[in-house]
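Trainee: I would like to learn how to read a model like this one, feature by feature. Where do we start?

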Amino acid sequence: MKDTISITDIEVECHIGVPDDERSKPQRLLISLELEKDLSVAMRTDNLAKTIDYHAAWIRVKEICCEKERRLIESLAGEIAEAILIEFSPDRVRVEIRKFVLPGTRHVGVRIERKG
């Protein structure tokens, strides 16, 4: 059984980019998470401790983005996935990051998936 908690388009400001001038000022990113976990016990008991606290996960993503500057959104996605797996114990996490940097392009992005 695959139950999924999704958090879509977490808006963050982050110092990220390969050129130094791109990293010099924060830029807008949208980050989405999908967290797979068996939620049947949470459904039966209505107990937050039996699920993933999506508010806490949202806060953690925002914290990670502010911790340091990075060159690659791939690096940021990997750090988020690792932290979510360790701290929230989903069976699987998917992280998608969208960046708005190329003219005439809606966005560029990366999506990664990791298992717990």
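Trainee: What is the relative accessible area of Asp9?

Mentor: First, the ground rules. This is a predicted model, with residues numbered from 1 along each chain as its sequence is written; local features need pLDDT of at least 70, and side-chain atom pairs count only at pLDDT 80 or more. Totals for chains, interfaces and linings use all residues, while side-chain values use heavy atoms, leaving out hydrogens and water. A residue is called buried under 20% relative accessible area, exposed over 50% and partly exposed in between, with a 1.4 Å probe and protein chains only. Asp9 has 33%, so it is partly exposed.

Trainee: What is the phi of Asp9 near?

Mentor: Most residues other than glycine have a negative phi. Asp9 has a positive value, near 60 degrees, and its place is in strand β1. Ser89 is another non-glycine residue with a positive phi, in this case near 55 degrees. Ser89 sits in the loop between α4 and β3 and is partly exposed because its relative accessible area is 41%.

Trainee: How many helices and strands does the chain have?

Mentor: Helices and strands are DSSP runs numbered from the N terminus: H or I of at least four residues for a helix, E of at least two for a strand. Here the chain has four helices and four strands. Read from the N terminus, their order is β-α-β-α-α-α-β-β.

Trainee: In what order do the strands stand in the sheet?

Mentor: Two strands pair if DSSP finds at least two bridges between them. In this model the sheet is open, its four strands are ordered β1-β2-β3-β4, and the pairing is antiparallel. β1 (4–14) and β4 (108–115) are at the edges with a single partner strand each, so one side of each has no neighbour in the sheet. From one strand to the next, the twist averages 15 degrees.

Trainee: How many bridges join β1 to β2?

Mentor: Nine, and the two strands run antiparallel. One of the residues facing β2 is Glu11, which stands opposite Leu30. Next along, β2 (residues 27–36) is joined to β3 (residues 92–99) by eight bridges, again antiparallel. Three positions let you follow that seam: Leu29 has Lys99 as its bridge partner, Ile31 has Ile97, and Leu33 stands opposite Val95. β3 and β4 also pair antiparallel, over eight bridges, and there Val95 has Ile112 as its partner.

Trainee: Why is β2 described as largely enclosed by the rest of the structure?

Mentor: Eight of its ten residues are buried, so β2 is largely enclosed. β3 is mostly covered, with seven of its eight residues buried. In a regular strand the side chains alternate between the two faces of the sheet.

Trainee: Which strands does helix α3 lie across?

Mentor: Contact means heavy atoms within 4.5 Å. Axes are lines fitted to C-alpha atoms, for helices over the stretch in contact, and the angles between N-to-C directions run from 0 to 180 degrees. Helix α3 (residues 54–67) lies across β1 and β2 and runs at about 30 degrees to β1. Helix α4 (residues 73–88) packs on the sheet and touches β1, β2, β3 and β4, with its direction at about 150 degrees to that of β3.

Trainee: Which residues is Ile80 in contact with, leaving aside its neighbours within four places in sequence?

Mentor: Ile80 belongs to helix α4. With those neighbours left aside, its contacts are Ile31, Leu33, Val61, Ile64, Cys65, Val95 and Ile97. Ile31, Leu33, Val95 and Ile97 came up earlier, at the seam between β2 and β3. Ile80 has 0% relative accessibility, so it counts as buried. Between Ile80 and Arg60 the C-alpha distance is 8.4 Å, although they are 20 residues apart in sequence.

Trainee: What percentage of the residues in the chain is buried?

Mentor: Of the 116 residues, 41% are buried. Among contacts with a separation of 6 or more, 59% are between residues 24 or more positions apart. The C-alpha trace spans about 50 × 25 × 20 Å along its principal axes.

Trainee: How many positive and negative side chains does the chain have?

Mentor: Lys and Arg count as positive, Asp and Glu as negative; His and the chain ends are not counted. Each charge is placed at NZ of Lys, CZ of Arg, CG of Asp or CD of Glu. The chain has 20 positive and 22 negative side chains, and the centres of the two sets are 3 Å apart.
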